[in-house]
Every structure is written in C-alpha cells, then in structure tokens.
Amino acid sequence: MPPILSIEALGKQYKSGHTALQGVDLTIERGEIFALLGPNGAGKTTLISIVCGAVTRSNGSVSVAGYDIDGARRAARERIGLVPQEIALDMFASVIDTVRFSRGLFGKAPDPAYIEQILRDLSLWDKRNARTMELSGGMKRRVMIAKALSHEPELLFLDEPTAGVDVNLRRDMWALVRKLRERGVTIILTTHYIEEAEEMADRVGVISGGRLLLVEDKATLMRKLGKRRLTLTLQSPLESVPAELAAWPLTLSEDGLHLAYSFDAEADDTGMPALLQRLSELGIAYRDLDTGRSSLEDIFVTLVEQAA
C-alpha cells in the first residue's frame, strides 16, 4: 500500500521572484501524526495549499494515497480534509446543514449516522441546529473540523488548529486528534505552539526559508539534539557571570539568582562536576539545583537559527 502522502523535489517560485518552497522531499505514512514546525513565512501553508490543489507547484511531484494531484486530481482531493487557519463559514447556516452541505460537495451520499457521530465527537451535537454566528470562536473551529471530516478523508490537514483558543479547549482538541488517529485518519498539523507538537506528534518536520531542514521521529530528535540543562538557584544574586567561569556556557537570569548550564548528557565529560567544584572554590553558594532536558522549542529555535 502506498504512503498516504509522497512529496518529491517540490518547489514553488512566484512570478515576483519569491521562492516559497525549494527541493522539499517528504513521505507521510498512514496513521501517523506529523507536526510541521516553522516560523511565519517558512512555507508551511504553501506546502499544504499545493497538496490540496489550491496552489500550483513549480516543480516536483505530489501524490496522495498513490494518486497524483494533477493526473488524478479528484481521487487525490477527496482523500484530503483541510482545516485552514482562517475560519470560513456561512454564518447564517445551522451547524448540521453546514456539515451536510460539505459532504455533498464531495459527491458523498447522505449518511445521517456518520454526521451525528462527527458532531458528537466534536461536542457539537447539542448545537446542531444553532446558526454558526451564534457560536463561540472555539465552537466555530470545531465546525471547521467537522466540515473537513464530513466526506471521510484519509488525510487531515490542521493548519494552526488551536490558534486563538484557550488552554482547556486546546487540550480538548489534542484529545480529539488522538481519537481521529485511532479511527485511521492520518494527521498533519502546522503549529506555532511547540508544546502541541511535543504532546501529540509521532514525527516532527522543521521548515524554514522554504527548505525542509529536518524530519525525525520526535523521541529520536529529542534524544539526538536535546541537551540537559542544569539550573542553580543562588544564595545571593550575581551582577554578571564571573570571568573565572568563562569555560562553561552559562546564562544568568535577570534577577541574578539563577545560573543555567546546558550540556550533552551523552558526553564523556559533561563539565558539570568541574563547574560545581569551581563554584565552591569561588565561594558562590547555591540553595537548590535542578536538571531537565531541553524542550522541543529549544531544538526548534536552534535549528532555525543555524539555517538563518
């Protein structure tokens, strides 16, 4: 069975001369949750738009479930669900009519039981007869997801799915995404919320300047690139990092009370014992220390800075 999405040497250049994508290769397997991370203007939305047929590629190839997006456009498109970043709904239509209409656009026969299940999964069943204009922003976004799922797609794109929603609703969305994966839907999400990718994704891709910098299993990525961090809470504040500690890459908090040291836990010599000894020799006392692993955000920032 072919992968749900196969992209090879994908490029997009606009007449203005701007290059939005260049040489993107990406394969998405069925049933995974893939997070595409990148700063504004990195090329995330352009990539999604090409796959969905809204933007024409300049070069390269794209196939969905084995169907070329040009040669078998309809077959490819009906396997895709898209939840765009911007909310676009008929504000005077009811929730259930909105979802039914979207299903019909793809030529799908009516299926009241399936539509009901979608609305129940999204906590929209009680609001099924409400006009969308009467809903909160979070509920409108749920309607957008229901629309995208109405024709039973195999691949779902979520472009910034939790932008502008509160923390509780965001976690509800995460639970929903996991439920969709359990039902066999493959999910690709773009997000600015690094914790969203860290919480849900199986694999992570980092894109910047139209280039895909890295695609890696999330756990492997954090193991390979994530560093440990030692944070010392000092007894007395420092005005600056003493010159005698220049051998260690230390950062001092604004209040002068916290010294942070990043190191590779896999290295033969982490430098940590020597640092603690040197602090003692300098009479710099601390009342607490804490160690933790770098977050996905730390890794993301490092990769983008290296590519700049």
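**Entry 1. The N-terminal strands**

I began with strand β1 (residues 5-13), which is joined to strand β4 (residues 59-64) by five bridges, the two running antiparallel. The model I am reading is a predicted one. To fix the register I looked up one facing pair: G11 stands opposite N59 in β4.

I then followed β4 to its other partner. Strand β5 (residues 67-68) pairs with β4 over two bridges, again in the antiparallel sense. Here V64 stands opposite Y67 in β5. I noted that β4 and β5 make a hairpin, with two residues between them. In that turn, A65 has a positive phi of about 55 degrees.

**Entry 2. The chain as a whole**

Before going further I recorded the overall figures. The protein chain has 10 helices and 14 strands. I read the extent of its C-alpha trace along the principal axes as about 80 × 45 × 40 Å. The chain has 308 residues, and 45% of them count as buried. I also checked the contacts with a separation of 6 or more: 70% of these come from residues 24 or more positions apart.

**Entry 3. The six-stranded sheet**

Which order do the strands of the open sheet take? I traced it as β6-β7-β8-β3-β9-β10, six strands with mixed pairing. The edge strands are β6 and β10 (211-217), each of which pairs on one side only. From one strand to the next, the twist averages 15 degrees.

I looked at two of the pairings within this sheet. Strand β7 (residues 155-159) and strand β8 (residues 186-191) run parallel and are joined by five bridges. L158 of this pair stands opposite L189 in β8.

Two helices were then examined against the sheet. Helix α1 (residues 44-51) packs on it and touches β3 (33-37), β6, β7, β8 and β9 (203-208). The direction of α1 makes about 150 degrees with that of β7. Helix α6 (residues 167-182) also packs on the sheet, where it touches β3, β7 and β8. For α6 I noted an angle of about 155 degrees between its direction and that of β8.

The other pairing I looked up is antiparallel: β9 and β10 are linked over six bridges. V204 has E216 in β10 as its bridge partner. β9 and β10 form a hairpin with two residues between them. The turn contains G209, whose phi is positive at about 60 degrees.

**Entry 4. The second largest pocket**

I turned last to the second largest pocket, for which I noted a volume of about 290 Å³. How many residues line this pocket, and which of them lie nearest its centre? The lining has 18 residues, and T98, S102, L105, K147 and A148 lie nearest the centre.

I next asked which elements each supply at least two residues of this lining. They are β6 (80-83), α3 (95-105) and α5 (137-149). Helix α3 gives the most, with five residues. β6 thus appears in my notes both as an edge strand of the open sheet and as a contributor to this pocket.

Finally I sorted the lining by residue class. Nonpolar residues number 10, while four are polar and four are charged.

Definitions and conventions. Residues numbered from 1 in each chain as written. Predicted model: local features only at pLDDT ≥ 70, side-chain atom pairs only at ≥ 80, totals over all residues. Heavy atoms only, no water. 1 Å grid on protein atoms, 1.4 Å probe; cavity = no way out; pocket = protein on both sides within 12 Å on 5 of 7 lines; lining within 4 Å. Points joined across faces, edges and corners; volume = space filled by probe spheres on them. Helix = DSSP H or I, 4+ residues; strand = E, 2+ residues; numbered from the N terminus. Nonpolar A, V, L, I, M, F, W, Y, C, P; charged D, E, K, R; others polar. Pairing = 2+ DSSP bridges. Axes fitted to C-alpha atoms, helices over the stretch in contact; angles between N-to-C directions. Contact = heavy atoms within 4.5 Å. Buried < 20%, exposed > 50% of the residue type's maximum accessible area, 1.4 Å probe, protein only.
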